[in-house]
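Welcome, and please load the model in your viewer. We will go from stop to stop, selecting residues and looking at what surrounds them.

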Amino acid sequence: MEKSVKHRFLNSVLFTALFVPLGFFLLRDTIIAITGIMFESIGGKESFLYQINEDIARLIIAGLLILIMPLFFRGKCNFGFKGGKLALGICLALPELIVPVWNLLQIKVYEAPLVTGAAAVAAAIMHGIGPGVSEEVFCRGFTVSNLMRIWKDKPNRIFRCMLVSGVSFGLLHALNAIATGDVFAALIQVIYTAAIGMLDGAIYLRSRNLWGVILMHTLTDVSAFLAVFESNATGMDIIFCVFGSLLFIALAFYLIRPAKRAEIDELWAEGWSFGDEDGKKRIGAKVAAILTAVLVVTFAASLGVTIYQAKMGYDIPFFPTSENALDKDVQYQISGDGKELTISLPYEFGGKYDLENSDPESFVLKESRENGDTYLFVFSHEGTSTEKIKLTFSLMLGDAAVSIKDYRITVSFKENGGISAVRG
């Protein structure tokens, strides 16, 4: 006699489309904290392993999902790494090449310095592979596949899967508004990533093979990390995002047009299913339950790490933080050898600046003094560390306990330790 298999969370659209991908980013941060300590003790913060720590964490979590899901589904699941239509998936994903091409054109137009050295180039490649594989596994391989199972009896399940998976992918980037404080830029990013998520979902529905979208996702991210950009988003960037979004949405709808629905249904006829559970296979359900409990505990720990880092002033780790524009009152000058930075801030009589330096040992304050109506700070970068330095200058008046103005500055470095950019 067959036993009815019930998995309330895995039958939930909200859990599948939003909570699982969101959990991916939280769990990623926990693994980063653990492996970061290990890699730093092995080779220091300048080591190659430490530089690609986040990418390793992404791949570990994606691997865990691929290993755990077959336990729930009794092996009746496929993440799109085998089978399907590989050639079709790659062909349908080719229009996404406009994104890495645009990134390469920006490198040419802005004359952005390319990363140099084998380690830096390898790190840029890993920065593409990490998100390319992990995000497609979670947001397409898992989300689209499980939604197709949940809505298997719905006549419009193909459209629903494409739309919901794309919108949820975009909403995950809404937290950038919290991290950066730039609501408009975050909104543009949400719309753009939702559009490209819809296209990737449509490509996966048509091909049931992940390699095409993984390849394009990886090329996009690699092209973004091949150079050091010193400027913030321009009007042309916004126009490209809007144009690209409209193009990707139109292509997504075209790929799942009514004439192709029968072909897609046939391709997904043998979709994910829980399978039959008899006495011999119940061990799989028990193992899955244990692993789920472990993941729940890890998820709780991840949330604790996130809250702690937010309180300590670190970047909120859901997504990488992009710097804001430098305050118009801040003036700076980088020395010819790139090792010294002079910062000039407004000064009022009776005022003083409190300085917070994320790494005072390597980015040393050599001098600070009044200079008429400005206050000068001279820093020297000791060593060859390339990790970004965050400076916060708080202008205090008298004995006031609260600053009247805070200036936040992020200093970026080249591979040789020279200063490359100063941003907000």
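In which helix does Thr16 lie? Select Thr16 and you will find it in helix H1, which covers residues 13–43. Keep in mind on this tour that you are looking at a predicted model.

**Stop 1: Thr16 and its surroundings**

Is Thr16 buried or exposed? Its relative accessibility is 0%, so Thr16 counts as buried. Show the side chain of Thr16 and follow it to the backbone oxygen of Ser12, which it reaches at 2.9 Å. Now display the contacts of Thr16 beyond four places in sequence: they are Phe9, Leu10, Pro21, Phe142, Thr143, Asn146, Leu147 and Ile150.

From that group, pick Thr143 next. Thr143 is placed in helix H6, which spans residues 118–150. Thr143 counts as buried because its relative accessibility is 0%. Setting aside residues within four places in sequence, the contacts of Thr143 are Thr16, Ala17, Pro21, Phe138 and Ser165.

**Stop 2: along H3**

Please move to Ala62, in helix H3. What does Ala62 touch, not counting residues up to four places away in sequence? Ser134, Val137 and Phe138 are the residues to highlight here. Ala62 counts as buried because its relative accessibility is 3%. For a distance to draw, take the C-alpha atoms of Ala62 and Phe24: they are 8.2 Å apart in space, with the two positions 38 residues apart in sequence numbering.

Stay with helix H3, residues 53–72, and select Pro70. With a relative accessibility of 27%, Pro70 counts as partly exposed; the cut-off that matters here is that buried means under 20%. Draw a second C-alpha to C-alpha distance, from Pro70 to Trp272: it comes to 9.7 Å, for residues 202 apart in sequence.

**Stop 3: H6 against H10**

Colour helix H6 (residues 118–150) and helix H10 (residues 211–225). Two packed helices are described by the angle between their axes and the distance between the axes. For H6 and H10, the axes come within 7 Å and cross at roughly 145°. The crossing of these two helices, H6 and H10, is right-handed.

To see who makes this contact, show Ala124, Ile125, His127, Gly128, Ile129, Pro131, Gly132, Val133, Glu135 and Glu136 on H6. On the H10 side, show Val213, Ile214, His217, Thr218, Asp221, Val222 and Phe225. If you colour the contact of H6 with H10 by class, you get nine nonpolar, five polar and three charged residues.

**Stop 4: H7 against H9**

Next, select helix H7 (residues 157–171) and helix H9 (residues 183–207). At what angle do H7 and H9 pack? The angle is about 145°, and the axes are 7 Å apart. The crossing of H7 and H9 is right-handed.

From H7, display Ile158, Cys161, Met162, Leu163, Ser165, Gly166, Val167, Phe169, Gly170 and Leu171. They meet Val190, Thr193, Ala194, Ile196, Gly197, Met198, Gly201, Ala202 and Leu205 in H9. Colouring the contact of H7 with H9 by class gives 13 nonpolar and six polar residues, with no charged ones. Ser165, on this list for H7, is also a residue you saw in contact with Thr143.

**Stop 5: the aromatic rings**

How many aromatic pairs are counted? There are 17. Zoom to Tyr347 and Tyr375, which form a tilted pair with 5.5 Å from centre to centre and 50° between the planes. This pair links distant parts of the chain, 28 residues apart: Tyr347 is in the loop between strand S2 (340–346) and strand S3 (351–357), while Tyr375 is in strand S5 (residues 374–381). Both Tyr347 and Tyr375 are buried.

Tyr375 also pairs with Phe377, again tilted, at 5.2 Å centre to centre and 40° between the planes. Both Tyr375 and Phe377 are buried. Now widen the selection to Tyr347, Tyr353, Phe363, Tyr375, Phe377, Phe379, Phe393, Tyr407 and Phe413, which ring pairs link into a cluster.

**Last stop: the whole chain**

Zoom out to see the chain, with its 13 helices and eight strands. Of its 424 residues, 44% are buried. Among contacts between residues at least 6 apart in sequence, 76% join residues at least 24 apart.

Conventions
Residues numbered from 1 in each chain as written. Predicted model: local features only at pLDDT ≥ 70, side-chain atom pairs only at ≥ 80, totals over all residues. Heavy atoms only, no water. Helix = DSSP H or I, 4+ residues; strand = E, 2+ residues; numbered from the N terminus. Buried < 20%, exposed > 50% of the residue type's maximum accessible area, 1.4 Å probe, protein only. Polar contact = N/O pair within 3.5 Å; in protein donor to acceptor, adjacent residues only side chain to side chain. Contact = heavy atoms within 4.5 Å. Axes fitted to C-alpha atoms, helices over the stretch in contact; angles between N-to-C directions. Left-handed = near helix turned anticlockwise from the far one by under 90°. Nonpolar A, V, L, I, M, F, W, Y, C, P; charged D, E, K, R; others polar. Phe/Tyr/Trp six-rings, centres within 6.5 Å; stacked < 30°, edge-to-face > 60°.
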